[in-house]
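Colleague: Before I rely on the descriptive terms used for this model, I should like to know what stands behind them. Would you set each value against its criterion?

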Amino acid sequence: MNANNTDVLVIDDSATIRKLVEMSMRGTQFRVHFANSGADGLEQARALRPGVILLDCVLPDSSGLDVCRQLADDDRTRSIPVLLITARHERARDEFRQFGSVVDFVGKPFTGSDLLARVGRAVGLSAPAPASPPRRFTRDQQERAAKILYARMRDGFALIPSHMSRLGGSPPAPYFAKRLLTPEVMEKLLDELTELYEEVLAAPPARGAASVDPDGVTVSATAVLDRAPGFSDRVRAVNLGSTSRRVLTLIDGKHTLADIARRIDLDDRSACAIAQELVNAGLLLDKGAAPPAPPRPVVIVEPDVQGFQRPLASLLESRPERRPLVAIDDVDEVVAAVHRVKPCLVVVNASQRKPSVEGAARLLRADTALADVALVAVLDTHDRSNAEELYSAGFDAVLSKPIIFGDLEKYIAPAAAR
Amino acid sequence: MSGARVVVDTEQLDGGVVAELVSACARAHAEMVPWRQAQPAADRPPALLVGALRRGERRIPAELVDAATRLSNDVAILLMSDEPLVRPVVSTHGGRVTLLAQPASPARIRGTVRMLLAQRGEFRRERLDNHVWTAVLEPADHEPPPPAIRQDGSGALTAVFPLIRGWSGAEPLCEEAHGIAQTPIEEEERLQRLVELFGNAAGLIHLSASCRQWSVYWPTTTSPLLLCSPLRLPRLSNLADAAAGQVLHLTASSGDLMVALSHEVPIAIRDDIGLSLSDGGAAFLDQVDTKLAAGGAVPSGLVVELR
């Protein structure tokens, strides 16, 4: 074979796969070349004669089968081993059986070490070990970062399978992203992010920027933490990294977080981040933190008790903070009720077109002490001819029945946060 | 048995739940296989894998993911949660994973299995995709003919629902109606074109691409058009009055259930409908089937559920 064993040609239009391959090969003896279409890949393969070709099954201008066929038809490329990148091994094995050059299959998602081993085998080398740069992050830190990244982006990752279906590609297996965030990937990702983070930190803060911990961590190193009620039940249901487990075993309601961090050789910032996660998971309580304020109620003026008031009360009750509903019979009483119970939201049925509905809204809006109370008008029908007047009177939203509970919830959440 | 295979984690699930699953599988002519006895079968991959999701767990148990991967690449997964969730039924991972919240009534459990099996469970008038489940109620002889349904690649769905007996335009006019519903035109023109197309002979239910909005043309108040959702207030509304004289647009929301019926039903039955609709569209169909088996008359109908 005249091919250059250290050249690897990747024919794949996916930027993600290309990045992953590039990261996996970084620091090894392999030189990686990329082609993002079948035509470009064939041209490069003929000119470059790489030691191995990594080929995606689906390309923008042709299929993996077409590319394999053309590689096999050309004397210059016939003997180059091909590794097929595919999510469907079994089907691919049948389809590509005819090509002797297809020596192996790389499943999606793949890990860097697996890819290196397969490439090494394909070019007749023993599995090449990556030149190991000194690790900047411990395994624990990688695991924790992977968990945090996955938790924060879970909703986004969850959308990917449906997008893939729409684009005609194969949806990845459930939790593909979690499997993708391997320690090897996280090591490189953290390197990149740290550099970026350092750049950002080096830049002067934007004018008027508030002094907020970028990670949203409110637990301080001086906090004294204790186990939360229901700890034993909850801890069984939560997956924890080994450092988190070590922190958890030392929490005793007496020592500060900084003391505990010192005992396990952990820096304060990491300890606070871990403790915050454990607090968020309901496992720990900050003994020094002020007790949470009781949830502010929702006030409602709505004649439909059976169809509207009761289901709303039950939906509010099912929220984590179990928010109460205060029902008022007459809109004339709403201003006094708002002053009395300090609600986060007032819902008023405005179908009767009573001047008092708009009058009440104007009175409430005139009181600056009630500026954080949201006002929502509900209409029995889809006739919205008085919506403009209601908005002018100070209502934040005018909704027609049947309304979606989420449309009310968005006025509850900010108040709850306050 | 040649029907669909349903693999169930009988060891982790509560006995009462397993009993409902047995009943649901029997109705669907599906074979229920205990998970740890299930072997991959290329010719008959399982249609559904049912497992448990313990309180506090926010991830699909790894064992279940491995089983799903081993048994079939595209098996649907139903997880019986131990706790209440934001909705009684939550669909994730592009519709592949369905979570059933507590409390789940027997009707809800049976209905969810029916919905997830749909045509694979030999419910030939029922269709399931990533975001929408549709079902047609078989009309009796004296009822208007069945509705025509058109769904395009973007997920946008249009159903033309005949409102008068003997009208046969649903199927031929469905494509044109789909175009009118989707075209960005003035609302008056849209109404005008639908009036010209259907007059009083048919209604139209349209769900936009990405399932963001319902649009309804419903030229009668005698045929109910019900919108039901546990996350709407009120939970059950008849849109027939509100839709008079306009093309009605409403924001769509997961859990929405739109039910079109060819004629008004007695109050007692409507209460039943309201009750069974609270358990989902498939539970409602179960109830309709029961009424049919008992010799009761049911109107011609269409059910569209947004997952």
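**Terms and the values behind them**

Modeller: Let us begin in chain B, where His29(B) occupies the loop between α1 (15-27) and β2 (31-34). Please bear in mind that the model is predicted.

Colleague: Why is His29(B) called partly exposed?

Modeller: His29(B) has 14 other C-beta atoms within 10 Å. A residue is exposed at 12 or fewer and buried at 20 or more, so a value in between is termed partly exposed. The backbone of His29(B) has a positive phi of about 55°, although the residue is not a glycine.

Colleague: What makes His93(B) count as buried?

Modeller: His93(B) has 23 C-beta neighbours inside 10 Å, and the threshold for a buried residue is 20 or more; His93(B) therefore counts as buried. This residue is placed in the loop between β5 (89-92) and β6 of chain B. Its phi is near 50°, again a positive value in a residue other than glycine.

Colleague: How do you know that the peptide bond from Gln102(B) to Pro103(B) is cis?

Modeller: The omega of that bond is near -5°. Pro103(B) belongs to the loop between β6 (97-100) and α3 (106-117) of chain B. In chain A, the bond from Lys401(A) to Pro402(A) is cis too, with omega near 0°. Pro402(A) sits in the loop between β12 and β13 (403-404) of chain A.

Colleague: Turning to chain A, why are α1(A) and α5(A) called roughly perpendicular?

Modeller: Helix α1 (residues 15-25) and helix α5 (residues 112-122) of chain A pack at an angle of about 75°, and their axes are 9 Å apart. Angles of 65 to 115 degrees count as roughly perpendicular, and the two helices are therefore described in that way.

Colleague: Which residues make this contact, and how do they divide by character?

Modeller: From α1(A) come Val21(A), Met23(A) and Ser24(A), and from α5(A) Gly112(A), Leu115(A) and Leu116(A). Four of the contact residues are nonpolar, two are polar and none is charged. Gly is reckoned among the polar residues.

Colleague: What makes β9 and β12 of chain A edge strands?

Modeller: The sheet is open and consists of five strands in the order β9-β8-β10-β11-β12 (chain A), with parallel pairing. Strands β9 (325-327) and β12 (397-400) each pair on one side only. Neighbouring strands are turned by 20° against each other on average, direction ignored.

Colleague: How do you know that β10 and β11 of chain A pair?

Modeller: Five bridges in the parallel sense link β10 (residues 345-349) and β11 (residues 374-379) of chain A. At least two bridges are required, so the criterion is met. Within β11(A), Val376(A) is the residue opposite Val347(A).

Colleague: What is the direction of helix α14 of chain A relative to β8(A)?

Modeller: Helix α14 (residues 334-341) of chain A lies across β8, β9 and β10 of that chain and runs at about 165° to β8(A). Angles over 145 degrees count as roughly antiparallel, and α14(A) and β8(A) therefore fall into that class.

Colleague: What share of chain A counts as buried?

Modeller: The figure is 29% of its 418 residues. The chain comprises 17 helices and 13 strands.

Key: Residues numbered from 1 in each chain as written. Chains lettered and ligands numbered in written order. Predicted model: local features only at pLDDT ≥ 70, side-chain atom pairs only at ≥ 80, totals over all residues. Helix = DSSP H or I, 4+ residues; strand = E, 2+ residues; numbered from the N terminus. Axes fitted to C-alpha atoms, helices over the stretch in contact; angles between N-to-C directions. Contact = placed C-beta atoms within 7 Å. Parallel < 35°, antiparallel > 145°, perpendicular 65-115°, else oblique.
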